[in-house]
Amino acid sequence: MQVDQKETSIVSRDDVQNGEFLQSQSIIYCSKKLQDDLHLLGLKIKQHENNVKFLKNEKNKLEDSILDLQVVLGKYHSATQPNIENDHHPSNQSEEKTVEQILRHEKSAAGIICQLRLRHGTHASHLSLTKDVLGIVATLGRVDDVNLSRILSEYLGVETMLAIVCKTYEGVRALETYEEEGHINNGSGLHGLGASIGRALGGRYLVICLENLRPFSGEFVADDPQRRLDLLKPKLPNGECPPGFVGFAVNMINVDCTNLFYVTSSGHGLRETLFYKLFSRLQVYKSREDMFHALPCISDGAISLDGGMIKATGLFSLGNWNDVDVRFPKPSVASNIPDNYSETEKQLTEMKWKKDKMLDDIKREQALLNAAKYNFERKKEEFVKFLAESSAYATQHQMQA
């Protein structure tokens with residue numbers, strides 16, 4: 001039987017074309033399969049990244065809440081942190097002791113004000129000269145820990161600790177009058193009052209006018225009877241709160257109930273005016289080592305409970321303690337313990353447990369993320385290799401054609 005060469009040629013060409021078609025379909029299928037696998041792995045990576053980000057944000061919120069509760073409970077000083085005390089700085093500094101320290105500065109304006117109030121009691125607040133005086137800086141705040149009291153007093157310096165705090169500018173003007181040539185009239189104001197009680201006023205003295213201070217413009221810590229400022233906790237470049245961070249100095253001052261509800265004519269209290277002016281966002285750390293490790297996130301100075309001090313960015317105060325003989329008093333035991341102390345303790349314990357559990361969750365999600373990234377890289381290498389082989393096949397086929 002004779003076979004037509006033309007027909008055989010057509011059959012052979014059809015077989016080749018069918019083979020090429022099947023090979024092309026196989027390449028397309030494998031390529032799509034690899035792309036789909038990469039897409040799914042990419043989605044997994046994104047999901048785990050979002051989970052890690054969410055968990056870290058929740059952990060940061062918990063850490064902030066834990067710090068706030070520790071400050072409220074007076075737990076800001078470490079149980080292992082020794083108190084650096086001596087005979088001049090007992091840990092039970094009382095308001096009477098603070099007033100006594102002020103009175104030792106015989107020629108100070110603060111000493112005259114305290115002497116006047118000791119002699120005349122509440123009647124002193126009705127005198128035209130002093131009716132607008134709210135108090136002395138050292139007597140308007142209380143501090144729970146002896147080391148914190150020492151370092152805050154040194155940070156402010158004795159001149160600021162002895163500063164007179166007036167409610168209005170009219171009160172500032174009442175403290176001192178001047179003659180036509182601009183000289184101080186020593187027969188009136190504080191100078192005259194000092195001379196009349198045997199405490200001549202010498203040198204300069206600071207007066208702080210509350211109504212002229214620019215107040216803190218943010219929010220307050222929710223449900224906090226002390227109306228502490230809701231300040232953002234410092235964060236290291238890795239997003240973590242620095243180890244050893246205790247809190248902000250402005251929030252670690254306790255305002256007693258007498259002045260807690262005092263507000264200026266514009267409705268601002270002592271913490272967001274006076275103490276925010278004095279301390280701004282000054283950070284407090286347990287130790288010098290903690291403070292120096294936190295340098296990347298210190299913007300307005302920092303202090304540590306073992307005597308470290310950074311006055312401002314790049315300005316370090318080194319050396320031994322420089323004791324200031326006027327310090328903030330310690331709150332009474334009754335005022336230091338919140339009514340819901342036990343409940344707050346329980347809440348703090350639960351938060352710490354949640355934080356530990358969240359750290360485990362973060363580790364688990366991070367491990368899953370690392371595995372997904374590894375699988376993605378492996379699959380990407382497989383896809384690149386496949387593309388290279390497909391390209392070589394296509395080039396070879398074109399040359400044969």
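Is leucine 318 buried or exposed? Leucine 318 is exposed, because its relative accessible area is 69%, and the cut-off for exposed is over 50%. Keep in mind that this is a predicted model. The points below take the surface, the charged pairs, a helix and the cysteines in turn.

1. **The surface patch.** Start with leucine 318 and its partners. Phe292, Leu295, Phe316 and Leu318 make a nonpolar surface patch of about 380 Å². Look for leucine 318 in a loop. That loop runs between strand E8 (315-317) and helix H12 (333-336).

2. **A salt bridge across the chain.** The count of salt bridges comes to 14. One of them pairs lysine 59 with glutamate 240. Their closest N and O atoms are 2.6 Å apart. The pair links distant parts of the chain, as the two residues are 181 residues apart. Lysine 59 sits in helix H1 (residues 5-72). Glutamate 240 sits in the loop between strand E3 (207-209) and strand E4 (245-248).

3. **How covered are these two partners?** Lysine 59 counts as buried, because its relative accessibility is 2%. Glutamate 240 counts as partly exposed, because its relative accessibility is 25%. Buried means under 20%, so lysine 59 falls below the cut-off, whereas glutamate 240 does not.

4. **A pair with both partners buried.** Arginine 228 and aspartate 224 also meet through their side chains in a salt bridge. The N to O distance is 3.1 Å. Arginine 228 is buried, at 6% relative accessibility. Aspartate 224 is buried too, at 9%.

5. **A pair within one helix.** The side chains of lysine 380 and glutamate 377 form a salt bridge, at 3.8 Å from N to O. Why are they about one helical turn apart? Because they are three residues apart in helix H13 (residues 341-400). An α-helix has 3.6 residues a turn, so residues three or four places apart point the same way. Both partners are partly exposed: lysine 380 at 37% relative accessibility, and glutamate 377 at 38%.

6. **A network of charges.** Salt bridges can share partners. Such sharing joins Lys59, Glu63, Glu240 and Lys355 into one network. Two names here are familiar from point 2: lysine 59 and glutamate 240 are bridged to each other.

7. **An enclosed helix.** Now turn to helix H10 (residues 271-279). Eight of its nine residues are buried, so H10 is largely enclosed by the rest of the structure. The buried residues are Arg271, Glu272, Thr273, Leu274, Phe275, Tyr276, Leu278 and Phe279. What do they pack against? Their partners are helix H4 (137-140), helix H5 (146-156), helix H6 (158-161), strand E2 (164-166) and E3. Serine 280 follows H10, and its phi is positive, near 50°.

8. **The cysteines.** How many disulfides does the structure hold? It holds zero. Take cysteine 297 as a case. The closest cysteine sulfur to its own is in cysteine 241, 7.5 Å away, which is too far for a bond. A disulfide needs the two sulfur atoms within 2.5 Å. Cysteine 297 counts as buried, because its relative accessibility is 12%. Cysteine 114 is buried as well, with a relative accessible area of 8%.

Definitions and conventions. Residues are numbered from 1 along each chain as its sequence is written. This is a predicted model: local features need pLDDT of at least 70, side-chain atom pairs count only at pLDDT 80 or more; totals for chains, interfaces and linings use all residues. Side-chain values use heavy atoms; hydrogens and water are left out. Patches are made of residues with over 30% relative accessible area and no salt bridge: like charges are joined within 9 Å, nonpolar side chains (Val, Leu, Ile, Met, Phe, Trp, Tyr) within 5 Å. Accessible areas come from the Shrake-Rupley method with a 1.4 Å probe; for residues, only the protein chains shown count as cover. A salt bridge is a side-chain nitrogen of Lys or Arg within 4 Å of a carboxyl oxygen of Asp or Glu. Helices (H or I, at least four residues) and strands (E, at least two) are DSSP runs, numbered from the N terminus. Buried means under 20% relative accessible area, exposed over 50%, partly exposed in between (1.4 Å probe, protein chains only). Contact means heavy atoms within 4.5 Å.
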